[in-house]
Amino acid sequence: MRGEMVREFVRRLRRKSDRNDRRRQKRKLTLAASAAVMAASPGAVQYGAAAPDFSTQIAQMKVDATQTRVHASDLTSSETMKEALAEEEGVRLTVYRDVAGYSTVGVGHLVLPEDNLRVGDTITYEQALEFLEQDLKKAEAGVQRLVGDLPIYQHEFDALVDLVYNVGEGNVSERESPKLNAAIASADYEGIAEELHYHHAAGAKANGLVYRSERRQAIFMEAAYDDPRPVEIAVAGNLST
């Protein structure tokens, strides 16, 4: 993990995730209690086929996408992927121009007219988190359109989200990425992994994108989210990346 701003962003990201986990757990417990009440109620039989199938809903919530490939529409980015994305994109609270000249802020968020931001303006960590969630929803929808009915693991979904987040949905279209789309159409998971490399920005090869591609492929193939960049030992003996 690189930089204090990234570390602070990840801390806030984890706190938000913990709050969401507690809310989800509370909903699950409420649903389980409702199912128990329905099962014990004599009147439940009268509902017949129209009765809410709480047991089915509970079973669906227990599907572990790290062990079973599921439809992409059932998935969202994992918290581990969000942290990896923050590491790769970096975190900037002041609007700047990226290598292509676009106004950017937060975790690689391209500033939109409705954001009412200009180069030099600053945002809060909370706004950066909101931008990340907004952009992830777009990337996730792009992945769902890309893979269609192909079932995928959580880590495979995460890697594809990183790809779409990084290069944009247009660059993974059948026209721009025919081999990737062909691999998806034939359910060739190894072939998909081979097509996750994108190394150029503004027409030049970027070492950062080389490492990011390696990481993306490792996530897809092995669920390995660690940063592949070499760790250097500073003169003072501290580890740095």
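This is a short walk through the nonpolar core, one helix and a small sheet in a model that is predicted.

Okay, let's start with the core. The largest nonpolar core has 51 residues, and the ones touching the most other members are Phe-9, Val-91, Val-147, Leu-160, Ile-192 and Phe-220. Where do those 51 residues come from? Helix 5, at 125-147, gives the largest share, with 10 residues. Other elements supplying at least two residues each include helix 1 (4-40), helix 6 (154-167), helix 9 (207-222) and strand 1 (92-97). As a general point, nonpolar side chains in soluble globular proteins tend to be buried together.

Let me pick out Val-91. What does Val-91 touch, leaving aside residues up to four places away in sequence? You've got Met-5, Val-6 and Phe-9, then Ala-86, and then Gly-106, Val-107 and Tyr-125.

Ala-86 takes us to helix 4, where Ala-86 is one of the buried residues. Helix 4 is mostly covered, with eight of its 11 residues buried. And look at who's in that buried set: Lys-82, Glu-83, Glu-87 and Glu-88 are there, along with Met-81, Ala-84 and Leu-85. Right after helix 4 comes Gly-90, with a positive phi near 80°.

Last stop, the sheet. We have three strands in an open sheet, ordered 1-2-3, and the pairing is antiparallel. Strand 1 and strand 3 sit at the edges, each pairing on one side only. Strand 2, residues 103-106, pairs with strand 3 over two bridges, and if you want a register marker, Val-105 is opposite His-109 of strand 3.

Definitions and conventions:
Residues numbered from 1 in each chain as written. Predicted model: local features only at pLDDT ≥ 70, side-chain atom pairs only at ≥ 80, totals over all residues. Heavy atoms only, no water. Core = buried A, V, L, I, M, F, W, Y, C linked by side-chain atoms within 4.5 Å. Buried < 20%, exposed > 50% of the residue type's maximum accessible area, 1.4 Å probe, protein only. Helix = DSSP H or I, 4+ residues; strand = E, 2+ residues; numbered from the N terminus. Contact = heavy atoms within 4.5 Å. Pairing = 2+ DSSP bridges.
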